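I opened this model to look up its charged side-chain pairs and one packing of helices. The entries follow in the order I made them.

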Amino acid sequence: MKNCYSIAERNRIVEENLHRINKTICRNWALIKAAHLDRDDVYQQLAIRLIRAVETFDPAKGKLAQHINAQLQYELLNCKDSRSRYGFTGAPRDLRGAVISLETCGDLMAA
């Protein structure tokens, strides 16, 4: 069930819960560093997930804070996924150090 927050109300709730992003990043800093993730990129991904979490929250299934925390943690684990890191939707999950030549990139753009 999608809840029926107005955009203004959704934005207010998101702003009130932005601190949860920093808490999630701090709790998982070792993982972020080990996966060589950029903090700003992680913050952006978690911010998008926070907005989606507020939009999809169902009060019948629990508390908003618990829903947000679970969604942020889940998104953080997705951030370290190679497909997210490199933007390759068809890439294998364990892809590391993906490199593509500029010539190949130009060929792909021309196609």
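Entry 1, salt bridges. I searched the whole structure, which is a predicted model, and the search returned four salt bridges. I noted three of the pairs in detail, as follows.

Entry 2, the pair Arg12 and Glu9. I found a salt bridge between Arg12 and Glu9, with 3.9 Å between the closest N and O atoms. The cut-off is 4 Å, so I kept the pair. Both residues sit in helix H1 (residues 7-16), three residues apart, which is about one turn of the helix. I then looked up accessibility: Arg12 is partly exposed at 40%, and Glu9 is partly exposed with a relative accessible area of 33%.

Entry 3, the pair Glu16 and Arg12. I checked Arg12 again and found a salt bridge with Glu16, the closest N and O atoms being 2.8 Å apart. Glu16 and Arg12 are four residues apart in helix H1, so about one helical turn separates them. For Glu16 I read a relative accessible area of 46%, which makes this residue partly exposed. I recorded Glu9, Arg12 and Glu16 as linked in a network of salt bridges.

Entry 4, the pair Arg49 and Glu75. Here I found a salt bridge with the closest N and O atoms 2.7 Å apart. Arg49 belongs to helix H4 (residues 39-56) and Glu75 to helix H5 (residues 64-79), so this pair ties together parts that are 26 residues apart in sequence. Are the two residues buried or exposed? Arg49 is buried, at a relative accessible area of 14%. Glu75 is buried as well, at 9%. Buried means under 20%, so both values qualify.

Entry 5, helices H2 and H4. Two packed helices are described by the angle between their axes and the distance between the axes. I looked up both for helix H2 (residues 19-27) and H4: the axes come within 10 Å and cross at roughly 130°. That angle makes H2 oblique to H4. I noted the handedness of the H2 and H4 crossing as right-handed.

Entry 6, contacts of H2 with H4. Which residues meet at this crossing? From H2 I listed Ile21, Asn22, Thr24 and Ile25; from H4 I listed Arg39, Val42, Tyr43, Leu46, Ala47 and Leu50. Sorted by class, the contact has seven nonpolar, two polar and one charged residues.

Key: Residues numbered from 1 in each chain as written. Predicted model: local features only at pLDDT ≥ 70, side-chain atom pairs only at ≥ 80, totals over all residues. Heavy atoms only, no water. Salt bridge = Lys/Arg side-chain N within 4 Å of Asp/Glu carboxyl O. Helix = DSSP H or I, 4+ residues; strand = E, 2+ residues; numbered from the N terminus. Buried < 20%, exposed > 50% of the residue type's maximum accessible area, 1.4 Å probe, protein only. Axes fitted to C-alpha atoms, helices over the stretch in contact; angles between N-to-C directions. Parallel < 35°, antiparallel > 145°, perpendicular 65-115°, else oblique. Left-handed = near helix turned anticlockwise from the far one by under 90°. Contact = heavy atoms within 4.5 Å. Nonpolar A, V, L, I, M, F, W, Y, C, P; charged D, E, K, R; others polar.
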